[in-house]
Amino acid sequence: MDFQEHANQHHHIREALVAAVNERRAVDPAAFRSDRLCPLGCWIHGDGARLWAGNHAFLGLLEAHRAFHQQAGSVADQISRGQWAQAQRSLRHGSPFAMAVADLAAALRRMRATAGTLAA
């Protein structure tokens with residue numbers, strides 16, 4: 001499992017939201033809100049749950065990932081309603097979305113460390 005690659009993929013989700021705001025392009029909020037559609041979500045709700053159920057780092061990742069997608073869905077809602085200025089503010093540093101991005105990155109680092117420790 002390449003946790004760094006999953007962090008990069010979620011950074012691309014943020015970039016897609018920024019691009020949608022900049023281009024005044026509608027997006028599908030449900031696609032951003034679902035924590036089961038991206039490759040990390042498929043792993044978390046599939047093999048990850050089978051391998052890591054009950055592990056503190058895994059549970060933290062599960063929650064951080066869910067929170068990230070909830071925040072991404074909220075920003076996507078603003079975009080789909082044409083609330084461009086509000087969506088732009090929602091993507092700034094210090095916003096709930098930015099905090100969810102940081103929390104997910106930290107959870108992925110903890111999970112990578114945990115997986116590395118148990119694999120050694």
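Here are a few exercises on the predicted model above, each with a worked solution.

Before you start: this is a predicted model, where local features need pLDDT of at least 70 and side-chain atom pairs count only at pLDDT 80 or more, while totals for chains, interfaces and linings use all residues. Residues are numbered from 1 along each chain as its sequence is written, and side-chain values use heavy atoms, with hydrogens and water left out.

**Exercise 1. Work out the fold content and overall dimensions of the protein.**

Step 1: Tally the elements. You get six helices and zero strands, taking helices as DSSP runs of H or I with at least four residues and strands as runs of E with at least two, numbered from the N terminus. Read from the N terminus, that's α-α-α-α-α-α.

Step 2: Check compactness. The radius of gyration is 15 Å, close to the 14 Å that the globule rule gives for 120 residues, so the protein is as compact as a globular protein of that length. (The radius is taken over C-alpha atoms, and the rule is 2.2 Å times the number of residues to the power 0.38.)

Step 3: Get the extents. Along its principal axes, the C-alpha trace spans about 50 × 25 × 20 Å.

**Exercise 2. Describe the surroundings of I13.**

Step 1: Place I13. It sits in helix α1, residues 3–23.

Step 2: Judge its burial. With a relative accessible area of 15%, I13 is buried; the cut-offs are under 20% for buried, over 50% for exposed and partly exposed in between, using a 1.4 Å probe and protein chains only.

Step 3: List its partners. Leaving out residues up to four places away in sequence, I13 touches F32, F68 and H69, where contact means heavy atoms within 4.5 Å.

Step 4: Try a longer reach. W84 is 71 residues from I13 along the chain, and their C-alpha atoms are separated by 17 Å.

**Exercise 3. Do the same for S90.**

Step 1: Find its element. S90 belongs to helix α5, residues 84–90.

Step 2: Check accessibility. S90 comes in at 16% relative accessibility, so it counts as buried.

Step 3: Name the contacts. Not counting residues up to four places away in sequence, S90 touches V75, Q78, S95 and F97.

**Exercise 4. Say what stands out about the backbone of R24.**

Step 1: Locate R24. It lies in the loop between α1 and α2 (29–33).

Step 2: Read the torsion. Phi of R24 is near 55 degrees, a positive value in a residue other than glycine. Most residues other than glycine have a negative phi.

Step 3: Add the exposure. R24 is partly exposed, at a relative accessible area of 48%.
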